[in-house]
Amino acid sequence: KTVNKTSNIKQFEWAVVEKRRLVERQDFVHIAILVTIALVIGVYLIATTVLISKDGTLYIECARKTVDVGVQAPGYPFSIYLMHKAAGVFYDTQSLQGWIISAQAVSLLSKLIATIALYFVGSYFVGSRLSFWGVLILSILPDSVGYGSDALTDWPNLMFLAIGFLLLLSGVRHR
């Protein structure tokens with residue numbers, strides 16, 4: 001009888017491990033779909049954007065002053081500066097278009113990271129299925145799409161907020 005009990009317990013443990021893997025695969029598929037949609041739309045809008053917002057020019061100017069004067073600009077302008085340095089391998093570092101694309105790339109990268117963090121926050125509260133649909137709707141709303149491909153601080157701010165909240169939830173859950 002002890003062999004049967006041990007065998008049944010091992011089968012149950014195997015089923016639980018297999019169930020956890022299925023959830024992880026489902027989360028991976030949801031995240032891959034969400035990030036792909038956000039990336040395709042974002043790259044398309046960056047490629048077809050003719051004019052960036054007026055606020056974006058202010059952030060780009062702050063980032064350029066970081067290079068010219070050596071002043072460390074906080075937050076978003078410094079992120080633009082770092083992206084410009086990293087992408088300087090591919091284009092002329094003095095061109096204004098390079099600065100604009102760097103600012104747009106920072107916003108798009110922030111949107112992708114925020115999408116992942118928001119998915120996990122949503123799945124904590126309402127489950128992975130509803131979280132997927134909620135983040136998908138957020139990702140395709142016109143204003144949300146526009147802010148994610150412009151040189152604005154909306155998505156970087158949301159990214160840090162979502163990551164902070166996700167870390168808070170994780171800390172509460174795992175002490």
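## Helix 4 and its end

Helix 4 contains 31 residues, and the distance from its first C-alpha to its last is 44 Å, close to the 45 Å expected at 1.5 Å a residue. The model described here is a predicted one, and helix 4 covers residues 96-126 in it. Directly after helix 4 comes Gly-127, whose phi is positive, near 95°.

## The chain as a whole

The protein chain holds seven helices and zero strands, and its pattern along the sequence reads α-α-α-α-α-α-α. Of its 175 residues, 34% count as buried. When contacts between residues at least 6 apart in sequence are considered, 70% of them join residues at least 24 apart.

## Helix 4 against helix 7

Helix 7, made of residues 154-174, packs with helix 4 at an angle of about 30°, the two axes being 8 Å apart, and the crossing of this pair is left-handed. The residues that meet include, on the side of helix 4, Ser-107, Ser-110, Lys-111, Ile-113, Ala-114, Ala-117 and Leu-118, and further along the helix Phe-120, Val-121, Tyr-124 and Phe-125. On the side of helix 7, the residues in this contact are Trp-155, Pro-156, Leu-158, Met-159, Ala-162, Ile-163, Phe-165, Leu-166, Leu-169 and Arg-173. Sorted by class, the contact of helix 4 with helix 7 comprises 17 nonpolar, two polar and two charged residues.

## Helix 4 against helix 5

The axes of helix 4 and helix 5, the latter formed by residues 128-140, come within 8 Å and cross at roughly 145°, and helix 4 passes helix 5 in a right-handed crossing. From helix 4 the contact draws on Lys-111, Thr-115, Leu-118, Tyr-119, Gly-122, Ser-123 and Val-126, which meet Ser-128, Leu-130, Ser-131, Phe-132, Val-135, Leu-138 and Ser-139 of helix 5. By class, the contact of helix 4 with helix 5 is made up of seven nonpolar, six polar and one charged residues.

Ser-123, a residue of helix 4, has a relative accessible area of 21% and is therefore partly exposed, the buried class being reserved for values under 20%. With its neighbours within four places in sequence left aside, Ser-123 is in contact with Ser-128 and Ser-131. The C-alpha atoms of Ser-123 and Asp-27 are 9.2 Å apart in space, although the two residues are 96 residues apart in sequence.

## The buried faces of helices 5 and 3

Helix 5 has 13 residues and reaches 18 Å from its first C-alpha to its last, close to the 18 Å expected at 1.5 Å a residue. Which residues of helix 5 are buried? They are Ser-128, Ser-131, Phe-132, Val-135, Leu-136 and Ser-139. Seen down the axis of helix 5, these buried residues fall within an arc of 130°, so they line one face of the helix. An α-helix has 3.6 residues a turn, so residues three or four places apart point the same way.

Helix 3, residues 76-87, has twelve residues that should span 16 Å at 1.5 Å a residue, and its end C-alpha atoms are 16 Å apart, which agrees. In helix 3 the buried residues are Tyr-76, Pro-77, Ile-80, Tyr-81, His-84 and Ala-87. Because they cover an arc of only 145° around the axis, they lie on the same side of helix 3.

## Ile-37 in helix 1

Ile-37 lies in helix 1, which takes in residues 2-48, and at 28% relative accessibility Ile-37 counts as partly exposed. Not counting residues up to four places away in sequence, Ile-37 touches Leu-136 and Ile-140; of these, Leu-136 is one of the buried residues of helix 5. The C-alpha atoms of Ile-37 and Ser-139 are separated by 7.8 Å, with their positions 102 residues apart along the chain.

## Gly-148 in helix 6

Is Gly-148 buried or exposed? At 0% relative accessibility, Gly-148 counts as buried, and it is found in helix 6, residues 142-148. Leaving aside neighbours within four places in sequence, Gly-148 is in contact with Gln-104, Ser-107, Leu-108, Lys-111 and Trp-155. Among them, Ser-107, Lys-111 and Trp-155 also belong to the contact of helix 4 with helix 7. The C-alpha atoms of Gly-148 and Ile-46, which are 102 residues apart along the chain, are separated by 9.3 Å.

Technical notes: Residues numbered from 1 in each chain as written. Predicted model: local features only at pLDDT ≥ 70, side-chain atom pairs only at ≥ 80, totals over all residues. Heavy atoms only, no water. Axes fitted to C-alpha atoms, helices over the stretch in contact; angles between N-to-C directions. Helix = DSSP H or I, 4+ residues; strand = E, 2+ residues; numbered from the N terminus. Left-handed = near helix turned anticlockwise from the far one by under 90°. Contact = heavy atoms within 4.5 Å. Nonpolar A, V, L, I, M, F, W, Y, C, P; charged D, E, K, R; others polar. Expected span 1.5 Å × (residues − 1). Buried < 20%, exposed > 50% of the residue type's maximum accessible area, 1.4 Å probe, protein only. Arc of directions from axis to C-beta.
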